[in-house]
Amino acid sequence: MSANPASTAEKPAGSGFRIPKVPFWAQIVAGLVLGVLLGWLTRSQDIDWLYTTLDKIGHIFVQLLKLAVAPLVFFAILVSITNLRKVNNAARLATRTLLWFMITSLIAVAIGLGIGLVTNPGSGTGLTPRDGKLPEHAGSWLDFLTGIVPNNVITPFAELNVLQIVFMAAVAGIAALQLGEKAQPILTLSESVLELLQKALWWVIRLAPLGTVGLIGYAIADYGWDLIGKYATFTADVYIGCALVMFGVYPLLLATVAKVSPLQFFKGAWPAIQLAFVSRSSVGTMPVTQKVTERLGVPKEYASFSVPFGATTKMDGCAAIYPALAAIFIAQIFDVQLGIGDYLLIAFVSVIGSAATAGLTGATVMLTLTLSTLGLPLEGVGLLMAIDPILDMMRTATNVAGQALVPVIVSAREKILDLDAYHAASASPVDDIEPKDAEPAGTGAPAAEPERVPAAV
């Protein structure tokens, strides 16, 4: 019996009941809510198997992100440096980028210090010096300076020393620029490997809602509301400080310096900011950050340099606001008086030593670097480790917002920002900016030569 043509036309093949597609942001929010509920249930009912499950889920998600960090940083930095050859006034753009990194870091650390001096986060907590403990790894200026150059090419990748990986990638990128055409086979391979790594990392990013359940649930189950209550003022200070920078300073700079709409910026950058909040990794968020930065009208050749550079050195949350507040908090717990010179040192460390955070989850190395510079007890780090995951979410979101902000400001100032693309940016989900697979050979139009970014005027 033949099929009815009318019914075939009315009901396309393959149609029927389909599970509605849940937006990525809604998946993240659902993961946060479910994580809090499971964490509370685990702690209140003392459910060991659920505690272990949440721990493993969160741990595996973070490990998957870290697995891609070393090669991703190396090839991203190498390719980003060589991409500068396609940009007119490359040295000028790189200098302006670094300058705005420093300016925004100074503003962020000033806000952190101001909030800390007003709220006195270490007072009335009930914590004492005995509650602290020495960190397993401490940072010092000698370690920072001598640790840039690796002893061999294997150890930085094995031990995930991002600063040394950045150094090797920068050397390789500059050498490739000097070699010119002779280095083209290596550059082609590096670009292919980078695309492969970014594609694999997108698969991990899709697991972020599940990772959120584990990370948030374990934090609540392990620390509990009583412990978090002791750090209520400090936690509020970190979140308020980051919010002031992200939703106060950044919009002001966009409106006055870049002369573009702050709302459009947040609409376009939101997928990267929300993923950073969950993943707690600037490097892990880097592929999304670069995509949203390009979507905001920043030329691809410049974005491919500024975003990887920022993901390893631009840390307004972890390296500016947090160490400023943490230094005041620890000084009050240990009854140490800080003076004007100490506050200036905090600002100096925040601007110069921010690369020590290396775009990974946590800011322990940066904090120990700050404390050792001020002469404060390193045992103070142990006081803050208990709530570090909760703080790190907001810190990383601020980091990534700043990493997208500076390229927009520099591009606008240099008259190379695509304003049509900027005004068209929307808060579309991660699915819409995920890199698509290449078309099969023989289909579609041939790829055009990369367009050079126009010179600044």
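This is a guided tour of the predicted model, stop by stop, with selections to make in the viewer.

Residue numbers count from 1 along each chain as its sequence is written, and side-chain values use heavy atoms, with hydrogens and water left out. Because the model is predicted, local features need a pLDDT of at least 70 and side-chain atom pairs count only at pLDDT 80 or more, while totals for chains, interfaces and linings use all residues.

**The whole chain**

Begin with the entire protein chain, coloured by secondary structure. It holds 20 helices and zero strands; helices (H or I, at least four residues) and strands (E, at least two) are DSSP runs, numbered from the N terminus. Of its 457 residues, 53% are buried, a term that stands for under 20% relative accessible area, with exposed meaning over 50% and partly exposed in between (1.4 Å probe, protein chains only). Among contacts (heavy atoms within 4.5 Å) with a separation of 6 or more, 86% are between residues 24 or more positions apart.

Next, colour by pLDDT, the predictor's confidence in each residue, from 0 to 100. The chain has a mean of 79, and 79% of its residues reach 70 or more. Confidence is highest in helix α10 (residues 232-258), at a mean of 94, and lowest in helix α1 (residues 5-10), at 48. Residues 5-9 have pLDDT below 50, and this stretch has one contact in the model beyond near neighbours in sequence. Select residues 437-457 as well: pLDDT stays under 50 there, and the model has 23 contacts for them beyond four places in sequence.

**Helix α18**

Select residues 388-413, which form α18. Of its 26 residues, 25 are buried, so this helix is largely enclosed by the rest of the structure. The expected span of a helix is 1.5 Å times one less than its number of residues; for α18 that gives 38 Å, in agreement with the 37 Å between its end C-alpha atoms.

Within α18, display the side chains of R395 and D392. They meet in a salt bridge, with N and O 2.8 Å apart; the term requires a side-chain nitrogen of Lys or Arg within 4 Å of a carboxyl oxygen of Asp or Glu. The two residues are three apart in sequence, about one turn of the helix. R395 is buried at 0% relative accessibility, and D392 is likewise buried at 0%.

Keep R395 in view and add Y322. The charged end of R395 sits over the ring of Y322, 4.1 Å from its centre; the criterion is NZ of Lys or CZ of Arg within 6 Å of the ring centre and within 35 degrees of the ring normal.

**The loop after α18 and helix α4**

Move to E414 and K415. K415, just after α18, takes a positive phi of about 65°. E414 is buried, at 2% relative accessibility.

Which residue forms a salt bridge with E414 at 2.6 Å between the closest N and O atoms? The partner is R92. E414 lies in the loop between α18 and α19 (419-424) and R92 in helix α4 (residues 90-119), so the pair ties together parts 322 residues apart in sequence. R92 is partly exposed, with a relative accessible area of 37%.

Add R96, whose side chain also meets that of E414 in a salt bridge (2.9 Å, N to O). This pair links helix α4 to the same loop across 318 residues. R96 is partly exposed at 29%. The salt-bridge count for the structure is four.

**Aromatic pairs**

Staying on α4, select F101 together with F309. The structure has 10 aromatic pairs, defined as rings of Phe, Tyr and Trp (its six-membered ring) with centres within 6.5 Å; planes under 30 degrees apart count as stacked, over 60 as edge-to-face and the rest as tilted. F101 and F309 have ring centres 5.6 Å apart and planes at 35°, so this pair is tilted. F101 belongs to helix α4 and F309 to helix α13 (residues 300-313), so the pair ties together parts 208 residues apart in sequence. F101 is buried at 5% relative accessible area, whereas F309 is partly exposed at 23%.

Then select Y231, F234, Y322 and F329, which form one aromatic cluster.

**Last stop: S190**

Finally, select S190 in helix α8 (residues 184-205). Is S190 buried or exposed? S190 is buried, with a relative accessible area of 3%. Leaving aside neighbours within four places in sequence, S190 is in contact with F75, L78 and V79.
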